[in-house]
Amino acid sequence: VIIGQHCYIDHDVRIGDRCKIQNGVNVYHGVTIGDEVFVGPAVTFTNDLRPRAVGAWEVTPTRVGDGASIGANATIVCGVEVGPGAFVGAGSVVVNDVPAGALVVGNPARVVRRADDVPAPGEEIG
């Protein structure tokens with residue numbers, strides 16, 4: 001696993017093998033990240049659906065499947081599952097589950113295509 005500078009990785013976080021977590025990522029208690037996952041710079045995973053400054057709080061688990069990629073500055077709201085091989089576009093806010101192999105973008109993040117339709121590095125789009 002490669003972890004960049006200025007990351008916060010909370011207790012009881014699980015990170016799989018051969019992951020790359022870029023600079024400035026926040027991974028809070030309750031997050032499980034599978035094997036070979038890419039997490040871009042400044043990504044934040046939340047862990048409480050109803051945060052308050054005072055009083056009780058409850059951790060809501062989040063899972064990221066093997067081989068998923070999460071773009072820079074994305075926010076993954078707790079309680080979702082990012083499926084294996086899925087892509088989360090930069091700056092997206094994920095509030096619902098992401099199907100395996102899907103590409104999601106936007107706020108809230110929505111499926112725009114399947115990974116099968118995403119060109120490999122160096123391939124032309126179109």
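In what order do the 4 strands of the open sheet with parallel pairing run? The order is 3-6-9-12. The model is predicted. A further open sheet is built from 7 strands, with mixed pairing, and a search of the whole structure finds 1 aromatic pair.

**Sheet of 4 strands**
- The edges of the sheet 3-6-9-12 are strand 3 (14-15) and strand 12 (81-82), each of which pairs on one side only.
- Strand 12 is joined in the parallel sense to strand 9 (residues 62-64), over 2 bridges.
- Within this pairing, V82 of strand 12 stands opposite V64.

**Sheet of 7 strands**
- The strands of this open sheet follow the order 1-4-7-10-13-15-16.
- Its edge strands are strand 1 (2-3) and strand 16 (109-114), and each has pairing on one side only.
- Strand 16 pairs with strand 15 (residues 102-106) over 5 bridges, in the antiparallel sense.
- R114 in strand 16 is the bridge partner of A102.

**Aromatic pair**
- The 1 aromatic pair found in the whole structure consists of Y8 and Y28, with 5.5 Å centre to centre and 45 degrees between the planes.
- The arrangement of Y8 and Y28 is tilted, because planes under 30 degrees apart would count as stacked and those over 60 as edge-to-face.
- Y8 belongs to strand 2 (residues 8-9) and Y28 to the loop between strand 5 (26-27) and strand 6 (31-33), so the pair ties together parts that are 20 residues apart in sequence.
- Y8 counts as partly exposed because its relative accessibility is 39%.
- Y28, at 28% relative accessibility, also counts as partly exposed.

Conventions: Residues numbered from 1 in each chain as written. Predicted model: local features only at pLDDT ≥ 70, side-chain atom pairs only at ≥ 80, totals over all residues. Heavy atoms only, no water. Pairing = 2+ DSSP bridges. Phe/Tyr/Trp six-rings, centres within 6.5 Å; stacked < 30°, edge-to-face > 60°. Buried < 20%, exposed > 50% of the residue type's maximum accessible area, 1.4 Å probe, protein only.
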